[in-house]
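Visitor: Hey, got a minute to walk me through this one? I'd like to start with the contacts.

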Amino acid sequence: MKILLAIWLLLGLGAGLLPAGPAVEEAEIRFQIVNAGLTVEGTLTGLEADVQFDPAHPELATIRAAVPVSSIRTGIGFRDQHLQKPDYFDAEKHPAILLQSTAIRPTGRNQYEGQFRLTIKGIQHDVTMPFTVSATNELRGQLRLRRLDFNLGRPSSILADDVAVSIRVRLAKGS
Amino acid sequence: MARHHLPRRLAWLTLSLVMKPISSPLLLLAAAGLFAGVAAYTPRSGGDLAQLSVPFTPVIPRTWDSAAMATAELPLATAKASPRHVPAKYYYQLPERVAYKNYPVYAPGREPQGYWEWLKKQEPEVVFDPAKLKTEADWIEAGELLFDMPIDVDGAVISTADVRNPAFYTDNNIPLTKDGIMPYARYVVAEKGKVLTGNLSCGMCHTRVEKNGVVLKGAQGNFPGDAATGWVIRHAADFPEPAVQFVAGALFDAPFVPNDPNSQLSRKARAEIAAAFEALPPGTNGRQGTSILFPPSVPDLIGVKERTYLDHGGLARHRGIGDMMRYIAINQAMDFLADYDGYIPVGVKHKTLPPPGKSRFAGTFDRYSEAQLYALAKYVYSLQPPTNPNKTSALTKRGNQVFIREGCVSCHTPPLYTNNMLTPVDGFVVPDDHLRKYDVFDISVGTDPGYSLNTRRGTGYYKVPSLKGVWYRGPFLHDGSLLTLNDVLDPNRLRADYVPTGFRGAGVTTKAVRGHEFGLELTAADRAALLAFLQTI
């Protein structure tokens, strides 16, 4: 199955650099981070992905995805603007967040685990993301990352390091 | 408050240090009431006091240490004009200040009977002797004496004639303590029989008198010093226009700024300069190197030990007590002698340094001793806030949630309610190396950039201020343009027909107060909750 996948992300960024693939009917990338004890939620939009995925041969699958940093929204415009700045995502130099699969293996019925190379702000880290693919061509995955691994902001007594990310992508039938 | 030397400067002579005991019981009572100056509300636990009462040997940093001085300040927004301070050799050739005992100034009609005559009978007394300081508490107590010690007795801001003139008080709405003391100036006896009015103590700016007459030492001061300066300019017979222009220029000119508005002001007529001074409300301060066109609000010193940058623009780094000593030395008032791209504010023809000790401008012909600076810093570090009468409630808890939800915590991060970072102003491009060297929160909040771009202290940044103690202080924003927190959250302030409740500038009737536009769209309930919460921190 050929899928257009997408990514996700953090605390409040955003900008759509890349056109979404026509096979993506719907994409939802959410993230959560705890700030001063309160969970802040944010979204990213405008993802583009190139997915080669055959459920019969997941080991051959490749997923490449990108989402523009400029699309980040957290509900506070000022914060969204700040997240574009060099002390966070440095959108001018690194306009997109990139995800590239390195290995995918099945873990159960419609369940998989992917090894990905995640690039944020020009910094690469390998991450593991379990995901599902439904009969309706909907891919759902979740992962956690640490913002400081990607030099996003500074250590803080109130802003957590951990960021929870969820991705949901529904592809057009037949794609 | 303006800090300057007026031509009517009086001679300050060296004197005998012999002290005679007070002989009159009546005068003893009068003196005892306010010799100690003005009692500030500074709660401290018994445990703290015990800790401070053990033998203490201070390790006093060298203030004018060349290596430390080289990195003590951020570059200015106009980097080439960053101040080059006097060499260490020059600094240490300046004579040390002598801390003579000083006495309260009473408003006319409130002075105890016979007080003035009693002052004239007093022997000069030196009140700071580091050899006698045995405990940390001793150093702090000595620091408080120095905090109140004027560094000028030549009428740099106000004179004896001013402080004994009832019109000075009524015309300038000078706050008084419950006892009728005007706590911003002090009488100094440096020679028996001569009672001088002392200006330019730390306390002149950093003393707040609440409406009920209670004094908060170290808090955002509310001496209407700039209004008083305007009043003096209009009333003093010995302050001719060229002298007014010279003083205004020495205080504020920043000739490295293109079309420097400060230099333009200092060339205007005396009345216009007076009007510019008079436009500053209490709680703001046209300190040297700032501007009365873009004035800073007076900082609250309570809690300053936890700040990593000093000045509204974060000009000075604060890496330890040595930096605090440097900051005090520079501000009291060695920066008048700094070289700003070839401009020395009180240099000879603004070009060269006068010989050490020969400058005639207040604060530049002498210096604090190292021990004095250390004691001052210890005192400033020891300042405690008054007991907050505003208690936590369901409303304030809701306000705290609003505070978090609206993202206030990102900058005003508890427990300090500041993230101790610097925000660039509109019009300033952050150099790449600043992101590595300094603590830059790299987004402008859109407040007026004038102070940060057009003054001798302007770095291109504003420091994120702490919100601690907002319940006892104001006006707010870096320029004191908004009198209350309610005004800060008032969306009407963005309108062109808004009448700023704080500073707005001479001749300005209406003006939008832009920037820091947070919380302006809150519901009435959320705003009330947020305001209630802010009053508790």
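Guide: Sure. Two residues are in contact if their C-beta atoms, placed from the backbone, lie within 7 Å. Keep in mind that this is a predicted model.

Visitor: OK, so for chain A, what share of the contacts between residues at least 6 apart in sequence join residues at least 24 apart?

Guide: That comes to 61% in chain A.

Visitor: And what is the secondary structure of chain A?

Guide: Chain A has twelve strands and one helix. Along the sequence the pattern reads β-β-β-β-β-β-β-α-β-β-β-β-β. As for burial, 43% of the 175 residues of chain A count as buried.

Visitor: Switching to chain B. Which domains does the assignment give?

Guide: Domain 1 of chain B covers 25–382, and domain 2 is made of 394–420 + 464–534. The centres of these two domains, taken over C-alpha atoms, are 29 Å apart.

Visitor: How many residues of each are in contact with the other domain?

Guide: 23 residues from domain 1 of chain B and 16 from domain 2 of chain B. On the domain 1 side, 13 are nonpolar, seven polar and three charged.

Visitor: What about the largest nonpolar core, where does it lie relative to those domains?

Guide: The largest nonpolar core has 140 residues, and B:Ile328 and B:Leu376 have the most contacts inside it. Strand 2 (residues 181–191) of chain B gives the largest share, eight residues. Both domain 1 and domain 2 of chain B give residues to this core, so it lies between them.

Visitor: Which residues does B:Leu376 touch?

Guide: Leaving out residues up to four places away in sequence, B:Leu376 touches B:Gly143, B:Leu146, B:Phe147, B:Cys202 and B:Ile328. There's another core apart from the largest one, with 43 residues, including A:Val40 and A:Phe116.

Visitor: Now helices. At what angle do helix 16 and helix 21 of chain B pack?

Guide: About 100°, with the axes of helix 16 (residues 394–405) and helix 21 (residues 524–534) 7 Å apart. Angles of 65 to 115 degrees count as roughly perpendicular, and helix 16 and helix 21 of chain B are therefore roughly perpendicular to each other.

Visitor: Which residues meet there?

Guide: From helix 16 of chain B, B:Leu395, B:Val402 and B:Phe403 are among them, and from helix 21 of chain B, B:Leu530 and B:Phe533 are among those they meet. By class, this helix contact has seven nonpolar, three polar and two charged residues.

Visitor: Last one: how many residues of chain B are in contact with chain A?

Guide: Twelve residues of chain B, against 13 of chain A. Helix 16 and helix 17 (408–411) of chain B each supply at least two residues of the chain B side. That side divides into six nonpolar, three polar and three charged residues.

Technical notes:
Residues numbered from 1 in each chain as written. Chains lettered and ligands numbered in written order. Predicted model: local features only at pLDDT ≥ 70, side-chain atom pairs only at ≥ 80, totals over all residues. Domains from an automatic or database assignment. Nonpolar A, V, L, I, M, F, W, Y, C, P; charged D, E, K, R; others polar. Axes fitted to C-alpha atoms, helices over the stretch in contact; angles between N-to-C directions. Helix = DSSP H or I, 4+ residues; strand = E, 2+ residues; numbered from the N terminus. Parallel < 35°, antiparallel > 145°, perpendicular 65-115°, else oblique. Buried ≥ 20, exposed ≤ 12 C-beta atoms within 10 Å, placed from the backbone. Core = buried A, V, L, I, M, F, W, Y, C linked by C-beta atoms within 7 Å.
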